[in-house]
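This report introduces the structure shown below to a reader who has not met it before. It treats confidence, helices, sheets and cores in turn.

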Amino acid sequence: MRTVLVTGSGGAGRTTLAAATALAGARRGARTLLLTTQASAPEMVLDARPGTAEPTAIAGAPGLYARRIDPADRFRQEFLAFQERAGAALDLLGAAPLDEDELTELPGSESFALLHALRAAHASGDWELLVVDAPPAAETIRLLALPAQVRRYLRRLLPPERQAARALRPVLAQLAGVPMPAQKLYEAAERWEDELAAVQRVVDAPGTSVRLVTDAGPVATATLRTLRVGLALHGRRTDGVLVNRLLPVGSADPFLAGLAGAQQTALKALREEFPDVPVHEVPHLGRDPQGVAELGALLPAPAGHVAEPAAAPADPWTVEDRLATDGLLVWRVPLPGARRDGLGLVRRGDEIVVTVGRFRRIRTLPSALRRCTVSGAALRDGALEIRFTPDPGLWPRSAPSD
């Protein structure tokens, strides 16, 4: 199954081009689902109202379905379920339960609702192509990093190995009065871990990629460079750039000719910045497209094609063994387009913290690197190379030869 998250800067036409990408996939014969959290835009673009409970078949586009995710409804369902499970504890505290009609979603609810819908669509096995009308790119990067981050928090706050001590809880309470976490807390953490792990498998799958939508403006290149580095930091593959609303070249109107010329200059800069990523031109129709016929004109082949991903390592962060030549191990972090400004690196125990501008990622060191010290780092050929020197006190010694 292929999953494409269509994102980009605000106002660049993400929803329209997400729908066009889904339509192109369906026309190639793939059973396709478009997921969106937008209320009115998909209805105007598709000339249909996507359902919230079940996917809606789009008229005039065989094989294309759309579903609108309702974050408020998802939040109410989750909160009421939690309230029911924690009913006994809430009664002891004298808490008054909340009714469904007084619940309003909290900030962040949309992210969890979208991730849940993404996992559910994969688990159903009903689709060959899943296109997600994702939030703006900076939010999408944080969204895709969320499962791993929350799992890390859970492991730190509620270490799974401590559950083994639950059988000793009554004895410890009698002998030493040692407080032990409630079993229900661990059970809840285990449910969250299972859900988040399933979401992360979808996000990390080789068939999942990100497609960036942008206008051909003067700041497009710098903005997309930052976003692509943020995606790469979290191991996300950018499979294409869609440059939206391009005016035709050669207009007799000096004003339109000037705008078209500026767009072509920006388009050239984008292609130079992303030589290894397809950059596709999307024409300006002179109006907002509406309906399947107009939508289909936006992404003719190959712009609308969702190809199978090229073979790539499951983890793009690779360790290079240079012990024999340089006495080093090098952890290579692909960061295409990164600049030295805003690049940060900190080791904290068995973890490494890499910061690129406003984006940050924390990774646990591979076992071999935990027995080393960080001896330096350099940015070369679009990758951060972190050098590790074996610690003599921790590194295994070779057996003496006879």
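The expected span of a helix is 1.5 Å times one less than its number of residues. Helix 9 (residues 220-233) has 14 residues, and the distance from its first C-alpha to its last is 20 Å, close to the expected 20 Å.

The model is predicted. Its average pLDDT is 83, and 78% of the residues score at least 70. Over residues 175-181 the pLDDT stays under 50, and the model has nine contacts beyond four places in sequence for this stretch. Where pLDDT is low, the predicted coordinates should not be read in detail.

**Two helices**

Helix 1 and helix 9 can be set side by side in a table.

| Helix | Residues | Number of residues | First to last C-alpha | Expected span |
|---|---|---|---|---|
| Helix 1 | 14-27 | 14 residues | 20 Å | 20 Å |
| Helix 9 | 220-233 | 14 residues | 20 Å | 20 Å |

Helix 1 is mostly covered, with 13 of its 14 residues buried. Just after helix 1, Gly29 takes a positive phi of about 100°. In helix 9, 11 of the 14 residues are buried, so this helix is largely enclosed by the rest of the structure. Its buried residues include Leu224, Arg225, Leu227, Arg228 and Val229. Gly235, just after helix 9, has a positive phi of about 75°.

**The eight-stranded sheet**

Eight strands form an open sheet with mixed pairing, in the order 3-4-2-5-1-6-7-8. Its edges are strand 3 (56-57) and strand 8 (279-283), each of which pairs on one side only. Helix 1 packs on this sheet, where its contacts include strand 1 (2-8), strand 2 and strand 5, and its direction makes about 170° with that of strand 5.

Strand 5 (residues 129-133) pairs in the parallel sense with strand 2 (residues 32-36) over five bridges. Strand 1 also runs parallel to strand 5, and five bridges join the two. On the strand 2 side, Thr36 has Asp133 of strand 5 as its bridge partner, and Leu34 stands opposite Val131. From strand 1, Val6 has Asp133 as its bridge partner in strand 5. Five of the five residues of strand 5 are buried, so the strand is largely enclosed by the rest of the structure. Both of its faces are covered: Leu129, Val131 and Asp133 are buried on one side, and Leu130 and Val132 on the other.

**The three-stranded sheet**

Another open sheet has three strands in the order 11-12-13, with antiparallel pairing. Strand 11 (343-348) and strand 13 (359-364) are its edge strands, each pairing on one side only. The twist from one strand to the next averages 15°.

Strand 12 (residues 351-356) and strand 13 run antiparallel and are joined by six bridges. Glu351 has Thr364 as its bridge partner in strand 13. Helix 9 packs on this sheet, touching strand 12 and strand 13, and its direction makes about 15° with that of strand 13. Helix 6 lies across strand 12 and strand 13, running at about 35° to strand 13.

**Nonpolar cores**

In soluble globular proteins, nonpolar side chains tend to be buried together. The largest nonpolar core here has 61 residues, and those with the most contacts inside it are Val241, Val243, Trp331, Leu335 and Phe388. Helix 6 (residues 137-157) contributes the largest share of this core, seven residues. Apart from it lies another core of 28 residues, among them Leu23, Ala61, Val213 and Leu295.

How values were computed:
Residues numbered from 1 in each chain as written. Predicted model: local features only at pLDDT ≥ 70, side-chain atom pairs only at ≥ 80, totals over all residues. Heavy atoms only, no water. pLDDT = per-residue confidence, 0-100. Contact = heavy atoms within 4.5 Å. Helix = DSSP H or I, 4+ residues; strand = E, 2+ residues; numbered from the N terminus. Buried < 20%, exposed > 50% of the residue type's maximum accessible area, 1.4 Å probe, protein only. Pairing = 2+ DSSP bridges. Axes fitted to C-alpha atoms, helices over the stretch in contact; angles between N-to-C directions. Core = buried A, V, L, I, M, F, W, Y, C linked by side-chain atoms within 4.5 Å.
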